[in-house]
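Subject: The structure, and what turned up at two of its interfaces

Hi,

Here is the structure I promised to pass on to you. Have a look at it first, and then read on for my notes.

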Amino acid sequence: MPKVVFSGSGALRFTEGRTELEVAATSFRKLVRELDARFPGLGEQVEEGMAVAIDGVIYQDAYNAPLAEGSEIVLIPKIGGG
Amino acid sequence: MSKHHVTTTINGEAVEFLCETQETLLDVLRNTLNLTGSKEGCASGDCGACTVIMDGKMVCSCLVLGVEAEGSSVTTVEGIADGETLHPVQRKFLEHAALQCGFCTPGFIVATKALLDANPNPTEEEARYWLAGNLCRCTGYDKIIRAVMDAAAEMRGEARAA
Amino acid sequence: MNYIVPQSELKIVGTRPVRPDGVDKVTGRATFGADMTLPGMIWGKVKRSPHAHARIVSIDASKALALPGVKAVVTAADFPEIANEEAFVGEGPMNFRDLSRNCMARDKALYEGHAVAAVAATSQAIADEAIELIDVRYEVLPHVIDVEAAMAPGAPVLHEDMFTTGVEPKPAKPSNIAKRVSFTKGDVAAGFAEADVIVEGRYTTQPVHQAYIEPHACVAAVSADGQAQIYSSTQGQFMVRAYSAKVLGWEIANLRSYPMEIGGGFGGKTVVYLEPLALLLAQKSGRPVKMMMTREDVFRASGPTSGAVIEVKIGAKRDGAIVAAREVLKYQAGAFAGSPIGPGCMCGLALYDLPNVEVIGYDVVSNRPKVAAYRAPGAPITSFAIESALDELACKLNIDPLALREMNGARDGTKTHYGVTHKDIGFLSVLEAARSHPHYKAPLQPGQGRGIACGFWFNIGGESSGAVHVNEDGSVSVVSGNPDIGGSRASMAMMAAEVLGVPMDQVRPIVGDTASIGFSFLTGGSRVTFATGMAVTQAAEKVVDQLKTRAAQIWDIPVDAVEWKDGKAWPAGLNAGAFEPLSVAQIALKAGRTGGPIGSEVSLNAQGAGAGFGCHICDVEVDKETGHVKILRYTAIQDVGKAIHPAYVEGQIQGGAAQGIGWALNEEYIYDKNGKLENAGFLDYRVPVASDLPLIEAVMVEVPNPRHPFGVRGVGEVPIVPPMAAVANAVRSATGLRMEHLPISPPKLRAAVDAEAKAG
């Protein structure tokens, strides 16, 4: 199953101290829904203010990004730029 | 308040315009004569984006009043090329990629022409000090200086310098 | 398709043609924001608060409105009230209440220069006079400028409804701390316990302005049925459309936004200031309205980036292996929340493989203009502190500073403290290029010093559209939705020409307005050559497919019997038949008979932008008598993925380095005790001029990004990250003085020299 890593306070304040979680999801959208069901409010937080790194590649706004067995997913603050 | 009637020469053409006492030459060029190549970056003579050549001297047109142009001869960026043929300074700026956003470029082109008119064989240091009144925030000046030195060499009839 | 191939196999990408928009820019023909005029146009001006913090008691515009020539006045009362929440309009989350109140103060003026009213009049002189006639009554409130003073208990509070987020339990009282963020990895206390050597420092940076030479400018026109046009100098025409529509409560479809040539932005033109005001004035007056900021307005009321206080502690083993790092960052946001504290917390330590890390960041408001993005927002500030501290560590351990970075540098598979595992990065290649560069070994004279520092930026992708059309004569038009701020039209044309196999001058690129091309996120985050380049490349590939299909029809053979090579359709092998190759022009001539116009538009959301790394080497000479620091030699090395137009990539690197040198040595916002900015002009806010700098050598390392068809990584932001520490480290090398506070201006350096002399 894909593994989600919560590293920053942006996600950790929703996860009751958990820093890792395995989630049975095959796409990023399914993952967000699953996370929100587990930790109410986290889904919205991810949608509005976070980017996601899947196996080291950063995605912003990618519902259909595929997740593989053993994928590592990291939630980080969204990145803008100058 | 009545306007002043001014007769002058701009880019080799006789020009007449009316202006208020407080209007700068830059205001007149841009808003009255539609010569918008000269840019306003500061209106205080600090950035050089409005540089023109007036009676052979390089000036910030934001620091010259419109009425002061009476009887003078002014060259703006629009008057640097010879018709469709670019001036060597313009050509070298393009070849050396000496511009990014291009906003400061008209001022640099005019200031460089004035430099090379006054000193056809400047050292790099002389070029840097001559152009110190022209701000560029994009390029770090490296490619501008290379373009200036190369244009100078070409205009002196020497082989490509850089 | 993938074009990550040796340079010898590329015809156009990787060469240095004259940019397609160049001639207009050297002859003065290019039309920037303030160069636009419309028939019947009048002039708009803004009245600004003279106070740093004040309640607006009343605004009486009756005298101004009575002045002949005045056509309209607007204040906050003319704008809709917007709820305090983050909303989406396609450009990512934004608090539109804050945006609206930053464009026009409501209830309170929060910084000197905050807009409180705007007028439109038939001449600039009348508009200026009308501004003076607007009577605004203020109740002046206590103000706060400094970031730590703003955080202290009892500080004047800017927003009564600001309760720090990210802390448990939720604070009972409002404060100026908008949020607290943190990242942890490993056990930082245990890490420091293992360390043989620990360095600690408290670093400060000053807010600096993007200082684009072109002040903000726009022209707005609104017809009686509500359809409106806005022409402006911006990094995003779609951003202008969305933000203006939101602030005004208008429908997006009623607004058409035209990007003019933009005279620099560096992040500072990623928001709106004048556009909603100009649109409202145009609507009220029934006339097109032009607005331009003065240079003073630009300094007082737009940009800058955050100033900050950063505390750093780093522990290492005697051999240089870093075992723990702790960093606390306090970033100024200006008058509204939103400093780049998130990237600040991530970027400084992202370059290193560290087992134990704790980073805590604060986003703090004070009575300064709201910060805007500035090139790698957040990263240069944290990297000044981290890279200075690493230099201290190298000194203490007596290790070569480059070796310290080589030993601890991130590589593929390194897990950062924010959780992401690095992939396909080129940091070690950059360090290798630095070590082998002659500059690193060049001898120094007495009184001279050398510093190095490194930098990281994520780079981003995002939503982009690109269109490629084959014209009737076989020439090609490329349309993108991104303002060209540093030569991107050239790179779009080059990628399209490479895919099509045609000469560069057969391809003409333009930047489309919001009705001419699909939505595109703004020009920023070093994303355009990556993301929009991807869209243009895909559109060109679709055009090649169409050209092959049309050739197949002309020859009456199956399409898979046609191949595309050197800009022509060829029969694929002997079995396909004996035909003379068809050029784009020959196929275009028959487009009507073979199915209609040939062209394609691709809209996508590009993912997987490759991160960028840089290493800068700086030599200085310090005059201890005057405190003047002279930059003698500067080399900037960076992994650029693949340089599409190498001259403009070098230009990005050189320009970013020059801005960083200004940040290091001269630039700062200086306030008086009343909270008024004392240096709102280029005379006193001194950006580097030509005589301040040497030639800046840009060294491009190319480690391709596998997620872009040509291997592109963003390049524009990384180069502003290392310079502040590179300069400070060079100053330390020359003088033995650790300069922890920017800018390293003559008075500060003189004071440090004196203090050292006193300490004996």
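Below I go through two interfaces, one inside chain B and one between chains A and C. Please keep in mind that this is a predicted model.

**Inside chain B**

The domain assignment splits chain B into domain 1, residues 4-79, and domain 2, residues 88-155. Between the C-alpha centres of these two domains of chain B there are 21 Å. Domain 1 of chain B brings 15 residues to the contact, and domain 2 of chain B brings 13.

Together, the two domains of chain B bury about 1,100 Å² between them, with 71% of that area coming from carbon and sulfur atoms. If you want to pick out residues on the domain 1 side, try Ile53(B), Met58(B) and Val77(B): they supply 42% of the area that domain 1 of chain B buries against domain 2 of chain B, more than any other three residues.

What about polar links here? The rule finds zero salt bridges across this interface of domain 1 and domain 2 of chain B, but it does find four residue pairs in polar contact, both residues being at pLDDT 80 or more. On the side of domain 1 of chain B that touches domain 2, strand 3 (residues 51-54) gives the largest share, with three residues. By type, that side of domain 1 of chain B holds six nonpolar, six polar and three charged residues.

**Between chains A and C**

Now to the other interface. Here 25 residues of chain A and 36 residues of chain C take part in the contact. The area buried between chain A and chain C is about 2,300 Å², and carbon and sulfur atoms account for 60% of it.

How many salt bridges does the rule find across the interface of chain A and chain C? There is one. A salt bridge joins the side chains of Glu72(A) and Lys415(C), at 2.8 Å from N to O. The rule also finds four residue pairs in polar contact across the interface of chain A and chain C, again with both residues at pLDDT 80 or more.

On the chain A side, helix 3 (42-49), strand 4 (57-59) and strand 5 (72-77) each supply at least two of the residues that touch chain C. Strand 5 of chain A gives the largest share of that side, four residues. Sorted by type, the residues of chain A that touch chain C are 10 nonpolar, eight polar and seven charged.

Happy to talk it through whenever suits you.

Best wishes

How values were computed
Residues are numbered from 1 along each chain as its sequence is written. Chains are lettered from A and ligands numbered from 1 in the order in which they are written. This is a predicted model: local features need pLDDT of at least 70, side-chain atom pairs count only at pLDDT 80 or more; totals for chains, interfaces and linings use all residues. Side-chain values use heavy atoms; hydrogens and water are left out. Domain bounds come from an automatic or database domain assignment. Contact means heavy atoms within 4.5 Å. Buried area is the accessible area (1.4 Å probe) that two parts lose on being put together, summed over both. A salt bridge is a side-chain nitrogen of Lys or Arg within 4 Å of a carboxyl oxygen of Asp or Glu. A polar contact is a pair of N or O atoms within 3.5 Å; within protein, one must be able to donate a hydrogen and the other to accept it, and residues adjacent in sequence count only if both atoms are side-chain atoms. Ala, Val, Leu, Ile, Met, Phe, Trp, Tyr, Cys and Pro count as nonpolar, Asp, Glu, Lys and Arg as charged, and the others, Gly among them, as polar.
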